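User: I'd like to go through this one with you and ask why each label applies. Can you set the values against the definitions as we go?

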Amino acid sequence: MTEERDPIRLFVTHLYAPDESYFRVFEYLESQPNFFYRNLATPDKPPRSKEKEAIREDIRRQMTDAEVIVVLSTLYLRGAAFIEYQCLYAQSCDKPLVVLEP
């Protein structure tokens, strides 16, 4: 159980595009009693530069304060390299990964 004043800080993997599976995660979390979280991912705010390093820097910024990384395996088929980067970066920061199957 979490407390409202100390929510779990989480990051959900994304591809900077609307995705049904991304939104379902939050529908599920909202349905849980006494579970408080703060979403640090900002898929609706891509960096202005489309260069690979700018995008990676933005992902690292989003993940910095996360306590846990939720990995959407459904996105792997659409953006394997980018999802893999998010997982590898999380692991390099010793952040736990929770992988959700389709």
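User: Let's start with Tyr16: what makes it count as buried?

Analyst: Its relative accessibility is 16%. Buried means under 20% relative accessible area, exposed over 50%, and partly exposed in between (1.4 Å probe, protein chains only). So Tyr16 falls in the buried class. Before we go on: this is a predicted model, where local features need pLDDT of at least 70 and side-chain atom pairs count only at pLDDT 80 or more, while totals for chains, interfaces and linings use all residues. Residues are numbered from 1 along each chain as its sequence is written, and side-chain values use heavy atoms, with hydrogens and water left out.

User: And why is Phe82 put in the buried class?

Analyst: Phe82 has a relative accessible area of 18%, and the cut-off is under 20%, so Phe82 is buried.

User: What kind of aromatic pair do Tyr16 and Phe82 form?

Analyst: Searching the whole structure turns up six aromatic pairs. Tyr16 and Phe82 make one that is stacked, at 6.1 Å centre to centre with 25° between the planes. Rings of Phe, Tyr and Trp (its six-membered ring) pair if their centres lie within 6.5 Å; planes under 30 degrees apart are stacked, over 60 edge-to-face, and the rest tilted. Both values for Tyr16 and Phe82 meet the stacked criteria, so the label holds.

User: Why does that pair tie together parts of the chain?

Analyst: Tyr16 sits in the loop between strand 1 and helix 1 (20-30), and Phe82 in helix 3 (residues 80-92), so the pair links parts 66 residues apart in sequence. Helices (H or I, at least four residues) and strands (E, at least two) are DSSP runs, numbered from the N terminus.

User: What makes the pair of Tyr22 and Phe23 edge-to-face?

Analyst: Their ring centres are 5.6 Å apart and their planes stand at 85°, so the pair is edge-to-face. Tyr22 is buried at 7%, whereas Phe23, at 47%, is partly exposed. Tyr22 and Phe23 also belong to one aromatic cluster with Phe26, Phe35 and Tyr37.

User: How do you know that strand 1 and strand 3 pair?

Analyst: Two strands pair if DSSP finds at least two bridges between them. Three bridges join strand 1 (residues 8-12) to strand 3 (residues 68-72), and the two run parallel, so the pairing criterion is met. One of the bridge partnerships is Val12 with Val70. Strand 3 is also joined to strand 4, by four bridges and again in parallel, with Val70 opposite Val98.

User: What does the whole sheet look like?

Analyst: Four strands make an open sheet in the order 2-1-3-4, with parallel pairing. Strand 2 (37-39) and strand 4 (97-100) are the edges, each pairing on one side only.

User: What makes strand 3 mostly covered?

Analyst: Five of its five residues are buried. One side carries Val68, Val70 and Leu72, the other Ile69 and Val71, and both faces are covered.

User: How do you know that the span of helix 2 agrees with what's expected?

Analyst: The expected span is 1.5 Å times one less than the number of residues. With 12 residues, helix 2 (residues 52-63) should span 16 Å, and its end C-alpha atoms are 17 Å apart, which agrees. Its buried residues are Asp58, Ile59, Arg60, Gln62 and Met63. Strand 1, strand 3 and helix 3 are among the elements covering them, where contact means heavy atoms within 4.5 Å.

User: Last one: which exposure classes do Asn34 and Asp94 get, and why?

Analyst: Asn34, in the loop between helix 1 and strand 2, has 46% relative accessibility, so it is partly exposed. Asp94, in the loop between helix 3 and strand 4, reaches 70% and therefore counts as exposed. Asn34 has a positive phi of about 55° without being a glycine, and phi of Asp94, also not a glycine, is near 60°.
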